[in-house]
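Visitor: I am new to this structure and would like a close look at a single part of it. Could you take me slowly through the salt bridges and the helices around them?

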Amino acid sequence: DGPGSTSYAALAFTPAAADAEIRRDICRTFPGCMSEAATEALFRILRAVSHRVEDIGYCQGMNFIAGIFMRVFCEEGGREAEALVYQCVVSLLLRHGMNQYFGDRFPKLRLTALQFDCLLEAFLPDVSSAFEVFNLSADFYATQWFLTLFSYSLPVQHAVCIWDNFLCRGMKFIHRVGLALLNEARPMLLGQSFDVTAQRLRGLGQTTRLSPEALVAAAMEFKVTNRLLSELE
């Protein structure tokens with residue numbers, strides 16, 4: 001029947017081509033926040049996912065997506081919790097379209113970055129103009145936002161809150177969050193050198209002073225719609 005119908009346990013304990021890559025990446029997933037047992041559970045989950053979505057396999061970034069689900073569901077541990085996290089990751093990839101952001105040359109990711117450049121010009125033209133001076137596009141600073149749904153860039157509590165809204169509203173909400181973060185950081189970004197701007201962009205999510213709820217409220221101020229995103233394709 002193929003990997004899609006195979007149980008989590010069978011997939012988790014079947015060696016995969018991506019095992020070595022997964023091992024490297026899990027060491028960088030929320031370092032200091034995961035026990036050895038949790039790290040091993042994350043390895044099994046990602047291995048199972050690589051079998052399940054065999055057309056794209058494992059890709060860097062999936063480790064943070066699975067890591068957020070683990071922080072939510074695996075506090076108590078156990079194989080049932082692992083299987084639930086696995087199912088959530090697969091659902092996010094296949095039902096919510098995140099599989100389009102992984103795979104060969106990340107085609108959907110490139111389009112989304114271009115859309116964000118256009119949105120930045122429309123909603124925050126002064127920031128957009130400042131970035132244009134340095135030839136800074138969303139490809140440089142925002143790809144991790146879209147690839148990991150801010151699980152790499154924001155504190156865990158913020159990321160979980162963002163995900164609640166993403167699951168209801170879709171990728172337009174991730175665009176809104178990006179605009180809200182840049183708007184908050186505007187005074188620290190305008191009038192700076194390239195090196196300072198680049199450094200502050202890389203740490204943007206971790207330096208936010210907004211609470212998770214305040215960040216969501218700030219994001220909702222930017223009226224990015226599905227129709228607008230379609231027009232920018």
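Guide: A helix axis here is a line fitted to C-alpha atoms, over the stretch in contact, and the angle between two axes runs from 0 to 180 degrees between their N-to-C directions. With that in hand, and keeping in mind that this is a predicted model, we can begin with helix α2, residues 19–26, and helix α3, residues 36–52, which pack at an angle of about 140° with their axes 10 Å apart. That angle makes α2 oblique to α3, and the crossing of the two helices is right-handed.

From the helices we can turn to the charged side chains, for which a search of the whole structure finds 6 salt bridges. One of them links glutamate 82 to arginine 44, with N and O 2.6 Å apart. Because glutamate 82 lies in helix α5, residues 79–94, while arginine 44 lies in helix α3, this pair ties together parts that are 38 residues apart in sequence. Both of these residues, glutamate 82 and arginine 44, are buried, and for glutamate 82 the relative accessible area is 4%, where buried means under 20%.

Glutamate 82 also meets a second partner, since its side chain forms a salt bridge with that of arginine 79, at 3.4 Å from N to O. Arginine 79 and glutamate 82 are 3 residues apart in helix α5, which means that about one helical turn separates them. Arginine 79, at 42% relative accessibility, counts as partly exposed, whereas glutamate 82 is buried. Through salt bridges that share partners, Arg44, Arg79 and Glu82 are joined into one network.

Another salt bridge to look at is the one between aspartate 25 and arginine 28, whose closest N and O atoms are 2.6 Å apart. Here aspartate 25 is buried, with a relative accessible area of 3%, while arginine 28 is partly exposed, at 46% relative accessibility.

To finish, we can set a nonpolar part of the surface beside these charged pairs. Val72, Phe73 and Leu84 form a nonpolar patch there, and together they have about 230 Å² of accessible area. Of these residues, valine 72 is found in helix α4, which covers residues 62–73, and its relative accessible area of 42% makes valine 72 partly exposed.

Note on methods
Residues are numbered from 1 along each chain as its sequence is written. This is a predicted model: local features need pLDDT of at least 70, side-chain atom pairs count only at pLDDT 80 or more; totals for chains, interfaces and linings use all residues. Side-chain values use heavy atoms; hydrogens and water are left out. Patches are made of residues with over 30% relative accessible area and no salt bridge: like charges are joined within 9 Å, nonpolar side chains (Val, Leu, Ile, Met, Phe, Trp, Tyr) within 5 Å. Accessible areas come from the Shrake-Rupley method with a 1.4 Å probe; for residues, only the protein chains shown count as cover. A salt bridge is a side-chain nitrogen of Lys or Arg within 4 Å of a carboxyl oxygen of Asp or Glu. Helices (H or I, at least four residues) and strands (E, at least two) are DSSP runs, numbered from the N terminus. Buried means under 20% relative accessible area, exposed over 50%, partly exposed in between (1.4 Å probe, protein chains only). Angles under 35 degrees count as roughly parallel, over 145 as roughly antiparallel, 65 to 115 as roughly perpendicular and the rest as oblique. A crossing is left-handed if the near helix is turned anticlockwise from the far one by less than a right angle, and right-handed if clockwise.
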